[in-house]
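This report is meant to be read with the sequence and the model side by side. It takes one chain, then the contact between chains, and then some backbone details.

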Amino acid sequence: MSCPSEQLVASLDTLSLHAFEAFCEDIAAMFGNTAECTQDSAGHGALSDLKRQFKKLAAVNQVQTQGVMDGTFQILLDQAGLFVLAGVFVMLPEKRVLETIRSGTLKDADYINDAIKEVGNLLVGSWDRVFREELKDHKHFKQADTFVGSIWDDPESHIGLHAEQDCRYVICRMKVDEFPEFKCAAVFPETLFETRSAGKSPEESTAQEKPAPTAETEPDSQTPESAFTVAGDKSDPPAAEVTPSVIEEASADTPAPITEAPPVMESERDEPMPGPVSEAIAHLTRQEPMQAESEPALTGAKLPSLTAAAIMNPAVLWLEPEQTVEEALSQMQRHNIGYILIGRDGHLEGLVSRSDIAAAISPYLRPVFAHWRRPVDDATLKIRIQWFMSRTVHTISPDAPLEKIMQTMMQHAVRGLPVMDTDGQILGLVTVYEVFAALLNRSGLCLTGRPHQAPPGVR
Amino acid sequence: MAKSLMIVDDSATMRKIIMRTVRMSGLEFDRTEEAGNGKEALEKLQASPVDIVLCDINMPEMSGTEMVKEARKIDCCQATKIIMVSTESAEELINSVMADGANGYITKPFTPEKFQEKLAPFMN
């Protein structure tokens, strides 16, 4: 019968915490973020007992280890962790990271799969360095594979461990910048320690006993445990549970891909607070009854023929979600426009505005980049539009009267409305500038030319 | 005199991170190239040599260590400075790849200062 190396097992908690801390330091050094971690809990039990902590999407880095441990162990990041860290790597806008923490799908993760793997690469490098410095006879950690998805439908296929596999684990909480705290964990199958026979040196054990690959190893029937035996379980305080519970309620275990979720029409859109333009619309709307006699041009009743179809700009510009900030910025500058529709084959998936572009480059306003800040940066310009476009797009029907257009803009605090017919075809775009032009023309004021900045559509 | 740079990494994300960090270091290059593995890098180097190569180690098709060995057999790459960039920090690996012809080794996490320190000697 084999037995674990007590000394190795006893040091795993400390080593794992040090390794996660080293990773935080590495993140801070490379990207200028603040990152810190604390131990949450440690113990041993069945893999499935981790389900509560990592029930949604997770990134699982499989780490091949040589030396005092031979085999494979796993380093896990929960859904918030994988999106926060990958977002840091590719400098996603904070708004987009927060969206994916709440309701990110497998498809969202797939878009940044390369970044998630690089997070794992840096993570394994940090772990290797700490173990090399602190654990005698440690030889090497190597990132073998990275799984991203929900583990629990088939853990053996996904991460090489079956649900009831006996494991030792260390769970830590990590916090990066002002993003919500997330969980990360190291999971060591008990089979990793079985070659450490009592009284043998690591060299002797390594030379004489090679365990079978973890994924092919049968569970240790002698030490099954139905529940984790938690050492120093530091259960989350109520306040710390707020964010994770929100995450769990906000997204399903198997969320639908983005493409299957059409843009939400006529509902809440994540827009900044109304600015002067919206206030002007509000003023116009509020003043309608009072000005009915003196300002007939501003009343809905006096404008029956001014529909969305009549005032819209039919020449709208489209880009596909995979196109970049650079392309969107270029098109906006070239055509002097404020909005671009995002989708393909006429199917509307989102809307990008100049303020979205501003959000995309906002990371460069962080003080840490002040030394090196440049007007434009290639890395930012290569971000795909899909990461910062507004997915909830309010549309208006072609026969909607001017009053309805203004009310919709006011209600949702938006300044541009794509005009969509009953077949879902986009016919054009109405923005506040079309509304102003219609009102001015109707009141007898001649409108010539277009505003120099941020007009809608393409003439 | 301005120099040229090639970044070799199988991850497009990491190539961009490296490029961004190099720019933050203040080093100026008049031409930058990218390659996804050692084989592609060698092909590009033979077509159009560069002054400095920043090269990952673990890559598909041809690793960074293999690329260094092959590059040193090619005339047009003899003067090219090859700096390895990797999370691998094992001393034996670093010694091995330096013996094979690498000119420097940068371990992750890297910083603009680290690139400045390692690349500046090759900029003149």
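## Chain B and its contact with chain A

Buried residues make up 42% of the 124 residues in chain B, where a residue is buried if 20 or more other C-beta atoms lie within 10 Å of its own, exposed if 12 or fewer, and partly exposed in between, with C-beta atoms placed from the backbone. The model is a predicted one, in which local features need pLDDT of at least 70 and side-chain atom pairs count only at pLDDT 80 or more, while totals for chains, interfaces and linings use all residues. Residues are numbered from 1 along each chain as its sequence is written, and chains are lettered from A and ligands numbered from 1 in the order in which they are written.

The secondary structure of chain B comes to five helices and five strands, taken as DSSP runs numbered from the N terminus, with helices (H or I) of at least four residues and strands (E) of at least two. Along the sequence, these elements of chain B follow the pattern β-α-β-α-β-α-β-α-β-α. Of the contacts in chain B between residues at least 6 apart in sequence, 67% join residues at least 24 apart, a contact being two residues whose C-beta atoms, placed from the backbone, lie within 7 Å.

Strand E4 (residues 81-86) of chain B pairs with E5(B) in the parallel sense over four bridges; two strands pair if DSSP finds at least two bridges between them. One of the residues involved is B:Val85, whose bridge partner in E5(B) is B:Ile106. Together with helix H4 (residues 91-99) of chain B, E4(B) and E5(B) make a right-handed β-α-β unit, right-handed meaning that, with the strands pointing away from the viewer, the path from the first strand over the helix to the second runs clockwise.

The contact between the chains takes 17 residues from chain B and 22 residues from chain A. On the side of chain B that touches chain A, helix H1 (residues 12-24) of chain B gives the most, with eight residues.

In the loop between strand E5 (104-107) and helix H5 (112-119) of chain B lies B:Pro109, which is joined to B:Lys108 by a cis peptide bond with omega of about 10 degrees. Leaving aside neighbours within four places in sequence, A:Ala29 is in contact with B:Pro109 and B:Thr111. A:Ala29 itself lies in helix H1 (residues 6-31) of chain A and counts as partly exposed because it has 16 C-beta neighbours inside 10 Å.

## Backbone details of chain A

Most residues other than glycine have a negative phi, and most peptide bonds are trans. The table lists two residues of chain A with a positive phi that are not glycines.

| Residue | Phi | Loop in chain A | C-beta neighbours inside 10 Å |
|---|---|---|---|
| A:Asp177 | about 50 degrees | between strand E5 (166-176) and strand E6 (182-189) | 16, partly exposed |
| A:Asp345 | about 55 degrees | between strand E9 (339-344) and strand E10 (347-353) | 6, exposed |

A positive phi, near 55 degrees, also belongs to A:Met91, which follows H2(A). The twelve residues of helix H2 (residues 79-90) of chain A should span 16 Å at 1.5 Å a residue, and its end C-alpha atoms are 17 Å apart, which agrees; the expected span is 1.5 Å times one less than the number of residues. H2(A) is mostly covered, with twelve of its twelve residues buried, among them A:Gln79, A:Phe83 and A:Val90.
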